[in-house]
Amino acid sequence: MTTPQVEVLLIAVMVAACCSLPGVFLVLRGEAMATDAISHSILFGIVIAFLIVKDISSPFLLVGAALTGVLMVAIVEIITNTKLVREDASIGLVFPFLFSVGVILIAKKIGNVHIDTDAVLLGEIAFAPFDRLVIYGYDLGPKALYVLSGIFILNVLFITIFYKELKLSTFDPGLSTTLGFPSKVIHYCLMAIASLTAVGAFDAVGVVLVVALMIVPAAASYLLVEKLYLMIVVSLIIALVSSVSGFFIATQMDISIAGTISVTAGLCFVGIFFFAPRRGIIFLIAKKTRQKLDFAHLMLLVHISNHEKLQERYNENNVREIYKHLNWERIYTSTVIHMAINRGTVVDNKGVLSLSNKGKQHVIETIMK
Amino acid sequence: MVTETNTHVSAIKIEDLTVAYRDKPVLWDVDLDVPAGVLMAVSGPNGAGKTTLIKSILGLIKPVAGQVQVFGMSYRQNRKTVAYVPQKSSVDWDFPTDVLDVVLMGRYGHLGWIKRPGKKDKDLAKEALDKVGMLHLSYRQINQLSGGQKQRVFLARALVQDAMVYLMDEPFQGIDAVTERTIIGLLKELRSLGKTVLVVHHDLQTVKEYFDRIALLNIRLIVAGAVDDIFTDENLKKTYGGLKTF
């Protein structure tokens with residue numbers, strides 16, 4: 001790997017890591033789509049700030065643009081509070097407006113700078129190493145790497161210092177406020193952090209893919225683990241895995257790096273969605289099937305036990321007839337009978353089923369419960 | 001109406017409280033004095049403003065007129081003396097955490113910003129879980145709890161707040177009979193310790209058995225006082241508009 005490639009890889013990893021942290025809380029608060037709104041509206045802030053400071057990686061630009069994200073959240077809240085428009089609709093009103101103004105300003109005012117509309121949407125991570133941090137003639141590496149590391153450290157500090165407050169206000173905003181941790185204040189801090197992260201990631205991945213990097217690792221991790229701190233750690237790991245693997249796939253196939261990272265993150269999610277223990281689709285289906293079979297097994301035992309009196313058992317408990325009495329499918333019935341025989345709860349006595357001691361015990365225990 | 005002697009201590013004193021959404025009043029000029037050490041029900045029809053009343057006491061809703069005092073001070077000055085048990089439907093029970101952790105949240109107010117709960121807080125949380133009969137489920141994921149267990153967890157969380165006043169929003173909604181008995185037992189125990197308990201309560205059948213005071217609310221405060229004095233058919237008719245008789 002060449003040095004620029006290593007630098008691009010590092011930037012990709014940092015972007016994914018930065019985004020995944022606020023993403024966890026946004027997903028848990030049911031505000032995943034707020035990231036979409038934030039990432040679009042910061043474009044307006046970036047353009048305005050750029051027109052003022054004329055430097056794409058100036059810290060003023062970062063902060064100025066991040067404030068637009070917070071401003072957007074505030075405007076949405078004001079509109080929603082009028083009760084004339086619902087929240088989802090007011091989000092839809094505000095961010096496309098800010099985004100469009102941003103796009104128009106780029107077209108009219110910034111002709112020759114590298115923010116063009118394609119890069120706005122998807123970013124261009126491969127160009128990130130060209131913008132370098134040079135102090136007294138020493139080349140210290142790509143500026144983006146420093147900016148992103150700064151944002152990452154800020155995110156980590158924010159989440160570790162205010163972990164308790166973030167957790168409480170996410171789980172129970174009402175209690176949080178009554179205990180003296182105003183959930184509104186925490187909400188705005190989180191939105192400010194998310195906005196700053198989106199601004200930092202903008203150069204590399206554009207306004208659309210930021211959403212993928214914030215939401216996908218968190219949503220996947222939510223399916224895997226059951227503790228908040230684990231959810232943060234696992235979502236960070238998923239972000240790292242998908243950014244590294246996405247980078248190598250993209251360079252091998254010579255396709256968009258940011259796009260491939262989003263796709264690998266998406267594939268991670270799909271894999272987890274199906275195969276996660278406890279909450280994965282396959283596990284849930286298997287669990288349902290097992291419960292259904294267990295219950296069918298019990299029904300069979302109860303039926304046999306109810307008809308174990310001498311005469312009627314030849315008819316009621318007959319291997320070939322029993323499906324009619326239970327009104328079950330024939331094949332299904334024989335599956336359940338086989339299962340019962342394998343479990344040693346039912347004995348097949350020349351075509352007539354009866355309960356073993358274990359079977360009797362099972363029926364008594366269940367009915368007693 | 002029985003006149004209160006003026007010597008008692010007011011746990012909560014609500015004066016001329018009006019809450020409105022735009023020009024529609026939800027609570028209208030409510031005066032309510034909750035003496036310290038009582039177990040009081042707040043009852044009334046749907047939309048009577050019961051939850052709003054609780055939320056106004058907690059400062060979660062800004063009134064358009066009037067004021068609320070907790071032991072003679074504003075809620076903000078006195079927040080550590082008040083514990084709040086919201087309706088259990090008010091939170092997302094799929095949140096990734098366990099029972100003990102939720103109960104520990106009740107300690108956060110005492111801890112203040114940034115500081116994390118320590119061993120002492122954990123011991124208090126376990127003690128509270130033991131009181132509500134949930135100690136064996138301390139590490140159970142909260143999405144696996146039944147309705148009654150969720151309510152017990154919320155009550156335990158309020159208990160660790162070690163407050164003087166407990167405000168509960170429909171704690172008996174959708175729970176099993178055993179949990180209801182456990183909860184009312186604990187509430188009576190709290191009262192015997194001199195705590196004040198204010199409960200939004202729907203089931204008029206159990207008012208006489210559970211509470212010593214009641215406030216009947218229907219946007220305006222219809223009447224408040226000792227259950228024995230004011231829990232009458234006439235007052236219920238005034239409150240429920242003749243829809244419910246007892």
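**Salt bridges, the A–B interface and the chain B sheet**

Lys119(B) and Asp123(B) form a salt bridge, with their closest N and O atoms 3.0 Å apart. The two residues lie 4 positions apart in helix 4 (residues 119–131) of chain B, so about one helical turn separates them. The model is predicted. Over all chains, the structure holds 16 salt bridges. Another of them joins the side chains of Lys184(A) and Glu77(A), at 3.5 Å from N to O. This pair links distant parts of the chain. Lys184(A) belongs to helix 9 of chain A and Glu77(A) to helix 3 (residues 59–81) of chain A, 107 residues apart. Side chains of opposite charge can pair when their charged atoms come close.

The interface between the chains was examined next. Chain A contributes 29 residues to the contact and chain B contributes 33 residues. Between them, chain A and chain B bury about 2,800 Å². Carbon and sulfur atoms account for 63% of this area. On the chain A side, Lys164(A), Phe171(A) and Thr178(A) lose the most area to chain B. Together they make up 28% of what that side buries.

Polar and charged pairs also cross this interface. The rule finds 3 salt bridges between chain A and chain B. In one salt bridge, Asp101(B) meets Lys167(A), and the closest N and O atoms are 2.7 Å apart. Across the interface, 11 residue pairs are in polar contact, with both residues at pLDDT 80 or more. Five elements of chain A give two or more residues each to the side that touches chain B: helix 6 (143–161), helix 7 (163–171), helix 8 (173–178), helix 9 (183–224) and helix 10 (228–253). Helix 7 of chain A supplies the largest share, 7 residues. By residue class, the chain A side comprises 14 nonpolar, 7 polar and 8 charged residues.

Chain B contains an open sheet of 6 strands in the order 5-6-7-3-8-9. The pairing in this sheet is mixed. Strand 5 (82–85) and strand 9 (220–226) of chain B are the edge strands, and each pairs on one side only. From one strand to the next, the twist averages 15 degrees. Strands of a sheet pair through backbone hydrogen bonds, either parallel or antiparallel.

Both senses of pairing occur here. Strand 3 (residues 39–43) and strand 7 (residues 196–200) of chain B run parallel and are joined by 4 bridges. Leu39(B) stands opposite Val197(B) in strand 7 of chain B. Helix 5 (residues 147–159) of chain B packs on the sheet. This helix touches strand 5 and strand 6 (165–169) of chain B, and its direction makes about 170 degrees with that of strand 5.

Strand 8 (residues 213–218) and strand 9 of chain B pair in the antiparallel sense over 6 bridges. Ala215(B) stands opposite Ala224(B) in strand 9 of chain B. The two strands, 8 and 9, form a hairpin with 1 residue between them. In the turn, Ile219(B) has a positive phi of about 65 degrees.

One further residue of chain B was followed through its contacts. Val9(B) lies in the segment before strand 1 (10–21) of chain B. Not counting residues up to four places away in sequence, Val9(B) touches Pro35(B), Ala36(B) and Phe71(B). The C-alpha atoms of Val9(B) and Gly37(B) are separated by 9.0 Å, with the two residues 28 residues apart along the chain.

Conventions:
Residues numbered from 1 in each chain as written. Chains lettered and ligands numbered in written order. Predicted model: local features only at pLDDT ≥ 70, side-chain atom pairs only at ≥ 80, totals over all residues. Heavy atoms only, no water. Contact = heavy atoms within 4.5 Å. Buried area = accessible area lost by both parts, 1.4 Å probe. Salt bridge = Lys/Arg side-chain N within 4 Å of Asp/Glu carboxyl O. Polar contact = N/O pair within 3.5 Å; in protein donor to acceptor, adjacent residues only side chain to side chain. Nonpolar A, V, L, I, M, F, W, Y, C, P; charged D, E, K, R; others polar. Pairing = 2+ DSSP bridges. Axes fitted to C-alpha atoms, helices over the stretch in contact; angles between N-to-C directions.
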